[in-house]
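Dear colleague,

Please find the sequence and the structure below. A summary of what was found follows them.

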Amino acid sequence: MKAAIIGGGVIGGGWAARFLLNGHDVAVYDPAPDAARRIEAVLAGARRAFPMLYDVALPPEGRLSFHDRLEDAVQGAAWVQESVPEQLDLKHRVIAQVQEASAAPLGSSTSGFTPSELSQSAADPARIVVTHPFNPVYLLPLVELVGHPGTDAALLDGAETMLRGLGMYPLRIRAEIPAHIADRLLEAVWREALWLVRDGQATTAEIDEAIRMGFGLRWAQMGLFETYRIAGGEAGMAHFIAQFGPALAWPWTRLTDVPELTDDLIATIAGQSDAQSGQLSIRELERVRDDNLVGILRGLKARGQAAGAVIGAHEAALAPPLPSGPVMRSQDRIVPIDWTDYNGHMNEGRYGQVFSDASEWVLAAIGTPPAAVAETGLTWFTVSSSVEYRHETMAGERFVVDTRVVEGGGKKLRLAHEMRRAEDGTLLAEGQQLLLHVDLSTRRSSPPPAEVAAAIEALCQIGAP
Ligand SMILES: NC(=O)C1=CN([C@@H]2O[C@H](COP(=O)(O)OP(=O)(O)OC[C@H]3O[C@@H](n4cnc5c(N)ncnc54)[C@H](O)[C@@H]3O)[C@@H](O)[C@H]2O)C=CC1
Ligand SMILES: C[N+](C)(C)CC(=O)CC(=O)[O-]
């Protein structure tokens, strides 16, 4: 598929990365002379961080092209993503130009305009939707998907499927309202924060600590209502509201007021922000943000929870087919940031994880994936494993593991793994594991069912030296 990106700033660059790293071609139109440089900078961050979310390889990257004319960028595109500045007249002009040159559906990244506002005077309003993403677009799954009464329903369904295919979480917004759902919430917090700074009651750094040390962590995995349900104790949500509801009418919030953004207030905020974070460049801050997000999202993925469930589902869709050659390519992935230690390389303990994951892959291949174990109660236990470390490897490096079945028969399955750097084939480590087939009803070893034994026998043949 080819996607056209109109406007290649912070958000357009993030969209370009999402499409490219999922294997789609991307054509960019942005008249700014430094647009290509800015997009390449976003892409560099995305190429490093996005693959670390997954424990399988991503598809080969799509082709990126830059165009001097919008008409050329949208040529042959199956999707047009508009990400020009948040000005309604500019968006109208761009939409008109796109629709003159292309019949593709158009998603707008607008943070606040409704699809009806965007469609005013459009040649084909039915093809316009809002697809509002979150920065960084290449890591955060949420996209608010909004239609208007005249939007083609099939287009909305198609957009949802397309966005899921990019590993995103399209949230269908039922009502067209300014700023959709998420930005309404963000604006409320932002407004309170501005008052706190303006009135000298808190600094920018203190406000950030109040968020990231406490409720920000709760929000990341449970949101607002589920969190408050628990805060009501055993009596639950009704008790919580009875206790804290009255406070909504007390002066706990300044939500109805907006502080005037005077030069003084802007200078105070900018000065405090410099003192808080000025020692790091924007690129360095982006890297800190991306590494933190990768760590949090991987943690959630391991538990199959919240945004981590979206990444897990995308990973399952990306999983490569079973190879039929003499050795099995049991892993093809990137070293994630949370696997490295103070020496700057992958920690020794993670090699065990690599070979354990490689074995899991083989177990799935012979017909005993976790889902089958849950059904049959028949599984495998590892009774011995060894690792030989040959060469260090760093965060972000792609590696592959090739696995052979070196012994298989009766209750035994012995696997030999070779882990290599994908780029140049350097041998990074070797591992061996002996697994025994176990019946979970007795928790004792038992021969595997005939079809599993046959699958092992076949792999023994192709894995034989
Ligand atoms: N920055 C953010 O945190 C988020 C922004 N958005 C939305 O995304 C859209 C873009 O915002 P940003 O990327 O932050 O802005 P930006 O200022 O970083 O990028 C806008 C880009 O559009 C280009 N541009 C200007 N006129 C153009 C035209 N006629 N045709 C093509 N390109 C043109 C500019 O050269 C610039 O590179 C806005 O609608 C904004 O509300 C959505 C989610 C988050
Ligand atoms: C500040 N903002 C309104 C542009 C923010 C967004 O639209 C979403 C985000 O990424 O925070």
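**Ligand 2**

The side chain of aspartate 183 places an N or O atom 2.6 Å from an oxygen atom of ligand 2, a polar contact (a pair of N or O atoms within 3.5 Å; within protein, one must be able to donate a hydrogen and the other to accept it, and residues adjacent in sequence count only if both atoms are side-chain atoms). Of the 320 Å² of accessible area that ligand 2 has on its own, the protein covers 56%; accessible areas come from the Shrake-Rupley method with a 1.4 Å probe, and for residues only the protein chains shown count as cover.

This is a predicted model, in which local features need pLDDT of at least 70, side-chain atom pairs count only at pLDDT 80 or more, and totals for chains, interfaces and linings use all residues. Residues are numbered from 1 along each chain as its sequence is written, chains are lettered from A and ligands numbered from 1 in the order in which they are written, and side-chain values use heavy atoms, with hydrogens and water left out.

Two further side chains make polar contacts with ligand 2. An N or O atom in the side chain of histidine 132 is 2.7 Å from an oxygen atom of ligand 2, and a polar side-chain atom of serine 111 is 2.8 Å from an oxygen atom of this ligand. The surrounding residues are Ser111, His132, Phe134, Asn135, Asp183 and Leu186, where a residue counts as near a molecule if one of its heavy atoms lies within 4 Å of it. By class, this shell holds two nonpolar, three polar and one charged residue; Ala, Val, Leu, Ile, Met, Phe, Trp, Tyr, Cys and Pro count as nonpolar, Asp, Glu, Lys and Arg as charged, and the others, Gly among them, as polar.

**Ligand 1**

Serine 111 also serves ligand 1: a polar side-chain atom of serine 111 lies 2.7 Å from an oxygen atom of ligand 1. The backbone contributes as well, with an N or O atom of isoleucine 11 at 2.9 Å from an oxygen atom of ligand 1 and a polar backbone atom of valine 84 at 3.3 Å from one. The protein covers 75% of the 830 Å² of accessible area that ligand 1 has on its own.

Around ligand 1 there are 23 residues, the closest being Ile11, Asp30, Glu86, Lys91 and Ser111. They divide into 11 nonpolar, eight polar and four charged residues. The largest share of this shell, three residues, comes from α4. Helices (H or I, at least four residues) and strands (E, at least two) are DSSP runs, numbered from the N terminus.

**UniProt annotations**

All three annotations below come from an unreviewed UniProt entry. UniProt positions are given in the numbering used here, feature names are shortened, and annotations may be inferred rather than shown by experiment.

- UniProt lists residues 2-173 as "domain: 3-hydroxyacyl-CoA dehydrogenase NAD binding". This span is 37% helix and 21% strand, with its end C-alpha atoms 26 Å apart.
- UniProt lists residues 181-246 as "domain: 3-hydroxyacyl-CoA dehydrogenase C-terminal". Here the chain is 79% helix and 0% strand, and the end C-alpha atoms lie 24 Å apart.
- Under "binding site", UniProt lists Gly7, Gly8, Gly9, Val10, Ile11 and Gly12. Glycine 8 lies in the loop between β1 and α1 and counts as buried at 0% relative accessibility; buried means under 20% relative accessible area, exposed over 50%, and partly exposed in between (1.4 Å probe, protein chains only).

**Overall fold and core**

The protein has 16 helices and 14 strands, and its C-alpha trace spans about 75 × 60 × 45 Å along the principal axes. Of its 465 residues, 41% are buried.

The largest nonpolar core (a set of buried Ala, Val, Leu, Ile, Met, Phe, Trp, Tyr and Cys residues joined through side-chain atoms within 4.5 Å) has 41 residues, and Trp15, Phe19 and Leu53 have the most contacts inside it. Among the elements that each supply at least two residues are β1 (2-6), α2 (35-49) and α12 (282-303). Helix α1 gives the most to this core, with six residues.

**Two individual residues**

Glutamate 286 is found in helix α12 and is partly exposed, with a relative accessible area of 22%. Its C-alpha atom is separated by 8.8 Å from that of proline 136, 150 residues apart along the chain.

Proline 448 lies in the loop between β14 (444-445) and α16 (450-463) and is buried, with a relative accessible area of 12%. Proline 448 and tryptophan 380 are 68 residues apart in sequence, and 9.2 Å apart in space, C-alpha to C-alpha.

Yours sincerely
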